[in-house]
Number of protein chains: 2
Amino acid sequence: MLLARVCVKLKKSVLDPQGKAVKGALTSLGFEGVNDVRIGKNIELILEDSDITEASEKVRMMCDKLLANPVIEDYTFEITEVQKR
Amino acid sequence: MLLARVCVKLKKSVLDPQGKAVKGALTSLGFEGVNDVRIGKNIELILEDSDITEASEKVRMMCDKLLANPVIEDYTFEITEVQKR
């Protein structure tokens, strides 16, 4: 079994309204010195594969087809072995 | 300036409907061997602080008050120094 950790973030050039909202909320809660907030997705996949190279190719296709929007998002991922659950 | 990376995940005991939906979509796209999918939030904060210990305490309070729901979510974070943007 393999665990794929995918991190999906908005491209730097893309405005992050959710981040802006959180920044505003933190400021109104009294937190000072919050310069910027950016929010992304963390996706953990348990895969029945055993070959990390094959699994990497598979996860890349999953990201390109579904998990990330290539127009506005970038993604990174890492794959590690895990014991069966 | 400091960069705080906060990772918010649903507690293991909590059902993840969003994860289930993504798992179903991946399967219908023809991806086999997807055993489980869990989705969390990745929050990056740029702080004007310079003291990492103080900033850690501040980020912990931000998580407890706003960024994570303590009933259903766990959070971890790391803080690193960054050059001014």
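**Stop 1: B:Asn42**

Select B:Asn42 to begin: with a relative accessibility of 11%, under the 20% cut-off, this residue counts as buried. Keep in mind as you look around that the model is predicted. B:Asn42 sits in strand β2 of chain B, which covers residues 34–47. Which residues does B:Asn42 contact, once its neighbours within four places in sequence are left aside? From chain A, show A:Cys7, A:Arg38, A:Ile39, A:Gly40, A:Lys41 and A:Asn42; from chain B, add B:Val6.

**Stop 2: the axis between the chains**

Now colour the two chains separately. Two copies of a chain are related by a rotation about an axis and a shift along it. Here, chain B is superposed on chain A by a rotation of 180° with 0.0 Å of shift along the axis, and the RMSD is 0.0 Å. The copies are therefore related as by a two-fold rotation axis. To find the axis from the chain B side, select B:Lys41: in that chain its C-alpha is the nearest to the axis, at 2.4 Å. Both copies use the same surface, as 100% of the contact residues of chain B recur in chain A.

**Stop 3: A:Leu66**

Move on to A:Leu66 in helix α2 of chain A, residues 52–67. Is A:Leu66 buried, partly exposed or exposed? It counts as partly exposed, because its relative accessibility is 34%. Next, display B:Val22, B:Ala25, B:Leu26 and B:Leu29, which A:Leu66 touches when residues up to four places away in sequence are not counted. For a distance within chain A, pick the C-alpha atoms of A:Leu66 and A:Cys7: they are 13 Å apart in space, with the two positions 59 residues apart in sequence.

**Stop 4: salt bridges**

Time to turn on the charged side chains. Over all chains, the count is 16 salt bridges.

Start with A:Glu78 and A:Arg5, whose closest N and O atoms are 3.6 Å apart. A:Glu78 belongs to strand β3 (residues 73–81) and A:Arg5 to strand β1 (residues 2–10), both of chain A, so this bridge ties together parts 73 residues apart in sequence. A:Glu78 counts as partly exposed at 44% relative accessibility, and A:Arg5 is also partly exposed, at 32%.

Switch to chain B and select B:Glu44 with B:Arg5, a salt bridge with 3.3 Å between the closest N and O atoms. This pair ties together parts 39 residues apart in sequence, because B:Glu44 lies in strand β2 of chain B and B:Arg5 in strand β1 of chain B. What is the relative accessible area of B:Glu44? The value is 13%, so B:Glu44 is buried, whereas B:Arg5 counts as partly exposed at 33% relative accessibility.

Stay in chain B for B:Lys20 and B:Asp36, whose side chains meet in a salt bridge at 3.9 Å, N to O. B:Lys20 is in helix α1 (residues 17–28) and B:Asp36 in strand β2, so the pair ties together parts of chain B that are 16 residues apart in sequence. At 44% relative accessibility, B:Lys20 counts as partly exposed; B:Asp36, at 15%, is buried.

Before leaving the charges, select A:Arg5, A:Glu44, A:Glu78 and B:Lys9 together: salt bridges that share partners join them into one network.

**Stop 5: the largest pocket**

The largest pocket has a volume of about 360 Å³. Which of its 18 lining residues are closest to the centre? Select A:Glu44, B:Lys9, B:Leu10, B:Lys12 and B:Arg38 to show them. The elements that give two or more residues to the lining are β1 and β2 of chain A, along with β1, β2 and β3 of chain B. β2(B) provides the largest share, 4 residues. Colour the lining by type and you will find 10 charged, 5 nonpolar and 3 polar residues.

**Stop 6: B:Ile72**

Finish at B:Ile72, in the loop between α2 and β3 of chain B. This residue counts as partly exposed, at 32% relative accessibility. Which residues does B:Ile72 touch, not counting those up to four places away in sequence? Show B:Lys9, B:Leu10, B:Lys11 and B:Val14. For B:Val14, the C-alpha to C-alpha distance to B:Ile72 is 6.6 Å, although the two are 58 residues apart in sequence.

Notes. Residues are numbered from 1 along each chain as its sequence is written. Chains are lettered from A and ligands numbered from 1 in the order in which they are written. This is a predicted model: local features need pLDDT of at least 70, side-chain atom pairs count only at pLDDT 80 or more; totals for chains, interfaces and linings use all residues. Side-chain values use heavy atoms; hydrogens and water are left out. Buried means under 20% relative accessible area, exposed over 50%, partly exposed in between (1.4 Å probe, protein chains only). Contact means heavy atoms within 4.5 Å. Copies are superposed by least squares on the C-alpha atoms of residues with pLDDT of at least 70 in both. A salt bridge is a side-chain nitrogen of Lys or Arg within 4 Å of a carboxyl oxygen of Asp or Glu. On a 1 Å grid over the protein atoms alone, a cavity is a set of points where a 1.4 Å probe fits but cannot get out, and a pocket is an open set with protein on both sides within 12 Å along at least five of seven lines; lining residues have an atom within 4 Å of a point. Grid points are joined across faces, edges and corners, and a volume is the space filled by probe spheres set on the points. Ala, Val, Leu, Ile, Met, Phe, Trp, Tyr, Cys and Pro count as nonpolar, Asp, Glu, Lys and Arg as charged, and the others, Gly among them, as polar.
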